[in-house]
Amino acid sequence: MATDSWAQAVDQQEAAADSIGGLTLKEKPEANGTAAIATDSSSAAAKSEVQGEKKPADEDDKDDKAAQSLLNKLIRSNLVSNTNQVEVLQKDPNSPLYSVKSFEELRLKPQLLNGVYGMGFNRPSKIQETALPMMLAEPPQNLIAQSQSGTGKTAAFVLAMLSHVEPNNKYPQCLCVSPTYELALQTGKVIEQMGKQYEEVKLVYAIRGNKLPRGTKLHEQIVIGTPGTMLDWCSKFKFIDPKKIKVFVLDEADVMIATQGHQDQSIRIQRMLPENCQMLLFSATFEETVWNFAQRIVPEPNIIKLKREEETLDTIKQYYVLCNSREEKFQALCNIYGAITIAQAMVFCHTRKTAGWLAGELSREGHQVALLSGEMQVEQRAAVIDRFRNGKEKVLVTTNVCARGIDVEQVSVVINFDLPVDRDGNPDNETYLHRIGRTGRFGKRGLAINMVDSKSSMNILNRIQDHFSKNIEKLDTDDLDEIEKIAS
Ligand SMILES: Nc1ncnc2c1ncn2[C@@H]1O[C@H](COP(=O)(O)OP(=O)(O)OP(=O)(O)O)[C@@H](O)[C@H]1O
């Protein structure tokens, strides 16, 4: 089973939260604390290396300004004003946003129909139109569903949970498990927004740091959380009676059953649930062995699966920048910083150490950046992701802990400062797809820029390109005519 360094980072982050003092939350944690930027002396050494690589200032200025202005055009042309584009895509039968039905035809409860319209949704996306009838059928049916990143999977399973809850029963009836703390918070927010008109239905967060007194009996009907805490609430603390659970959702299901830690916890939760509990597994990617495993653990599932060539979104243009070292990658990132902050950007590093170094170097160059990685305390992480979501920070330097699910509408550029590889150094195609899927959300145009700094990373990129049969063009920030061509 594929387990990657991202998964280890997530498992460690699950463990890291024990150090959280007194975070007693019943509702969504409020954002507090400040964004952490690595300013330790160790990166001073890195700085001297960077200076050694620098070109003469006047040459830099010329390239920087020209590169930035052309890249500005490239990104602006990608930031098409979105409403009409979504409408166009929702009428295109080949688009993952296309649907023949309206929300009215999906037989949602009036409170939920109002919730959906309250969120500004006009029509269901393809995954919503296809999955909801299966999930709302009587008797409820199990589902393993794949749909491209940003196509509305979260809304699909949230509507299923809200539809199956019996509001008069004041105890947990739906469990939704997410692989990371940030994603659990984000999905909880979608449940709160979509269920706003459904006041009698309440939500509670089973996340590290939300320490409830022993003997607590939960009255909330929906529990959203991470697998370790959710398992504790079902078994060790018995805050939840698993026998009363009607719906069990695994979001980012492939990583939930492919990552040793998460797999053990998810399966142990599943084994405590009643036979007739509805199981819903969602992800943008399902590596073959994981797909087969999922079909073994979910009784008689309905299946919604993409062909390999459908997995990548045409709305996300993918490029690579050829560098010779980490310092040159840093310099290239500085050169295009102005352009990528027209909206917002996420920069992915392979390790927390590189992320800390890069965030420190960028901030030392006077660039405003936020840093989020697994070893930070959950309060800081909640504050960083909130500030980024509210546009207070334009660039988020992070690791794979933010590779999946994070939904920030204004992210127009994803930069792979390091390409995603598994622990054997092979391309991590699933993480690549999730990372670039942080842009191009629900029909928006997105830009993915991969930084290559050696023959081996060029080889990794070529294998990723071959895997998805999707061309990744060279973006030469020195060849201004070339950027002009892309921008036109
Ligand atoms: N029917 C709809 N109409 C308009 N916007 C929608 C609709 N459904 C979802 N969205 C919006 O699209 C964005 C992406 O949705 P969501 O996060 O559910 O996608 P996803 O498939 O879960 O993505 P990922 O694979 O990255 O987790 C969100 O901002 C959501 O509010």
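Tutor: Helices (H or I, at least four residues) and strands (E, at least two) are DSSP runs, numbered from the N terminus. This is a predicted model, where local features need pLDDT of at least 70, side-chain atom pairs count only at pLDDT 80 or more, and totals for chains, interfaces and linings use all residues. Residues are numbered from 1 along each chain as its sequence is written, and side-chain values use heavy atoms, leaving out hydrogens and water.

Student: Where is F442 found?

Tutor: Look between α16 (429-436) and β13 (446-452): F442 is in that loop. Now check its backbone. Phi of F442 is near 45°, positive although the residue is not glycine.

Student: Which peptide bond is cis?

Tutor: The one from E138 to P139, with omega near -5°. P139 is placed in the loop joining α6 (126-136) and β1 (143-146).

Student: How is the protein chain divided?

Tutor: Into domain 1 (62-306) and domain 2 (316-487), with bounds from an automatic or database domain assignment. Their C-alpha centres are 25 Å apart.

Student: Why does the ligand lie between domain 1 and domain 2?

Tutor: Because both domains give residues to the shell around the ligand.

Student: Which residues around the ligand come nearest?

Tutor: Count a residue as near if one of its heavy atoms lies within 4 Å. Here 20 residues surround the ligand, and R123, K153, D407, R438 and R441 come nearest. Helix α7 (residues 153-164) gives the most to the shell, three residues.

Student: How do the residues of the shell divide?

Tutor: Five are nonpolar, nine polar and six charged. Asp, Glu, Lys and Arg count as charged; Ala, Val, Leu, Ile, Met, Phe, Trp, Tyr, Cys and Pro as nonpolar; the others, Gly among them, as polar.

Student: What lies 3.1 Å from an oxygen atom of the ligand?

Tutor: A polar backbone atom of T151. For G152, a polar backbone atom is also 3.1 Å from a ligand oxygen. E252 uses a polar side-chain atom, 3.5 Å from an oxygen atom of the ligand. Such polar contacts pair N or O atoms within 3.5 Å. The ligand taken alone exposes 650 Å², and the protein buries 88% of that (Shrake-Rupley method, 1.4 Å probe).

Methods: Polar contact = N/O pair within 3.5 Å; in protein donor to acceptor, adjacent residues only side chain to side chain.
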